[in-house]
Amino acid sequence: MKQIFVLNGPNLNLLGKREPGIYGVATLDDIRISCEAAGKELGYNIDFRQSNYEGDLVSWIQEAGEKEALVLINPAAYTHTSVALQDAIRAARVTVVEVHLSNIHAREAFRHHSYVSPVAQGVICGFGAEGYILGLRALAASATKQQ
Ligand code: CA2
């Protein structure tokens with residue numbers, strides 16, 4: 001079955017438990033459950049992962065490349081710092097959609113730049129947990145177009 005890796009970066013395991021004003025009340029487990037339901041509708045198996053370690057995210061992008069999986073990623077703070085993620089995405093030649101819960105452009109200046117965006121197919125931000133579902137739909141649609 002076709003696969004989408006949904007990768008989540010540091011501190012996203014705290015979702016729904018702290019700072020609900022910025023990131024909403026949904027937990028990462030809630031988001032996983034709604035992604036799995038959307039994946040089923042779209043005909044994709046969802047492999048949903050979170051890590052606080054940059055190297056895990058790099059290895060998972062490499063794995064997605066080997067398995068020819070599509071990638072939806074919320075790199076969290078690594079968005080703004082990680083040359084390693086940009087290099088991994090470019091090298092793996094994977095189709096990536098970048099997602100953020102908050103509108104990073106309406107926040108502090110250091111959040112306005114993303115190392116991932118230049119190697120992503122597209123970026124969705126500011127729609128909370130719904131952004132993950134929009135991202136899955138965008139990935140499925142772009143895969144259909146390429147066939
Ligand atoms: O808006 C997003 O999805 C972010 O990727 C979230 C990151 C932030 O560094 C990015 O600039 C934008 C932060 C994720 C941390 O999540 C927390 C959740 C609950 C409590 C504390 C942090």
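How many nonpolar, polar and charged residues does the shell around the ligand have? By class, that shell has nine nonpolar, five polar and three charged residues. Keep in mind as you look around that this is a predicted model. The ligand sits in the largest pocket, so let's start with its neighbours and then turn to the pocket itself.

**Who surrounds the ligand**
- The ligand has 17 residues around it.
- The closest ones are Asn74, His80, Leu101, Ser102 and Arg111.

**Polar contacts to ligand oxygens**
- Ser102 has a polar side-chain atom 2.5 Å from an oxygen atom of the ligand.
- For Asn74, a polar side-chain atom is 2.9 Å from a ligand oxygen atom.
- Arg111 joins in too: an N or O atom of its side chain lies 2.9 Å from an oxygen atom of the ligand.
- On its own, the ligand has 510 Å² of accessible area, and the protein covers 94% of that.

**The pocket itself**
- The largest pocket, where the ligand sits, has a volume of about 400 Å³.
- It is lined by 20 residues, and those closest to its centre are Pro10, Asn11, Leu12, Tyr23 and Ala76.
- Sorted by class, the lining of this pocket has nine nonpolar, seven polar and four charged residues.

Technical notes
Residues numbered from 1 in each chain as written. Predicted model: local features only at pLDDT ≥ 70, side-chain atom pairs only at ≥ 80, totals over all residues. Heavy atoms only, no water. Near = heavy atom within 4 Å. Polar contact = N/O pair within 3.5 Å; in protein donor to acceptor, adjacent residues only side chain to side chain. Areas by Shrake-Rupley, 256 points an atom, 1.4 Å probe, with all protein chains shown as cover. 1 Å grid on protein atoms, 1.4 Å probe; cavity = no way out; pocket = protein on both sides within 12 Å on 5 of 7 lines; lining within 4 Å. Sits in = over half its atoms within 2 Å of the grid points. Nonpolar A, V, L, I, M, F, W, Y, C, P; charged D, E, K, R; others polar. Points joined across faces, edges and corners; volume = space filled by probe spheres on them.
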